[in-house]
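Reader: Please take me through the helices and the cores of this model, with the cut-offs stated.

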Amino acid sequence: MNDVVDEQDLAQAAYKSERTASRRLARTLGLSEAEALKRTLETSAGKAGLPALLAERALVRARDAERASARALLRAAAKARRDARHAGRPTAWRAWFDGSARPNPGRCGIGALLTGPDGFSVEIARDVGHGNSSEAEYAALVAVLEAALEHGAADLTIYGDSRVVIDDVAAPDAMAAPVLAAWRIRAQALLARLPQATLRWVPRHRNLDADALSQRALERTLTTQSDAD
């Protein structure tokens, strides 16, 4: 078994301990690595013989690959179900928003993305002064709602990863956060003009475009300040 294919078969079949033993054997007897591995596996095979050992281990690898593929399919199906719960029904227009404060509280940047039919897309990356992260998130929501109204985005789903803002917008007045009341009033007034709009929470990893836009706004502002200093 000296051709390339057989050497690959040997390498794939060998366990870690057998590879270690074969390297030690190669050093001791001055053998090539392939010949040393062949001898080591022949010892492991015993009376059954090397071909039987290679066939048995190839079958084990195939079964392991099938199980791994099945697990991957199950994970993909579970992810699709989770994504479907977050995404809701398909809508003609979609939007994502995010806000950041650096430090918190500190300088605030907002990011938002509005997409529509026929490849329509609007990006928002803007400095909104000083505040905390919740105020920045609210400012981003207001900005994307204003953009939606400007472009006639009636059938709209809006995604954000801020539980604070999304829960606050939908909360009864008695349970809303008093410190965010002014932002809540603005957001609700805009939503009232978009009766078909739906606000949905998504995990942070599904809001990366809006996050990148908010970070871009912050970097641009902080760089300008640094240059001015």
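Author: Contact here means heavy atoms within 4.5 Å, and helices (H or I, at least four residues) and strands (E, at least two) are DSSP runs, numbered from the N terminus. This is a predicted model, in which local features need pLDDT of at least 70 and side-chain atom pairs count only at pLDDT 80 or more, while totals for chains, interfaces and linings use all residues. Residues are numbered from 1 along each chain as its sequence is written, and side-chain values use heavy atoms, with hydrogens and water left out.

Reader: Which elements do the buried residues of α6 pack against?

Author: Buried means under 20% relative accessible area, exposed over 50%, partly exposed in between (1.4 Å probe, protein chains only). In α6 (residues 163–170) the buried residues are Val165, Ile166, Asp168 and Val169. Seen down the axis of α6, they fall within an arc of 165° (taken over the directions from the helix axis to the C-beta atoms), so they line one face of the helix. They pack against β1 (93–102), α5 (133–150), β4 (156–160), α7 (181–192) and β5 (198–201).

Reader: Which element gives the largest share of the largest nonpolar core?

Author: A nonpolar core is a set of buried Ala, Val, Leu, Ile, Met, Phe, Trp, Tyr and Cys residues joined through side-chain atoms within 4.5 Å. The largest has 30 residues, and Phe97, Leu114 and Ile158 are among those with the most contacts inside it. Elements giving two or more residues to this core include β1, β4 and α7. The largest share, 10 residues, comes from α5.
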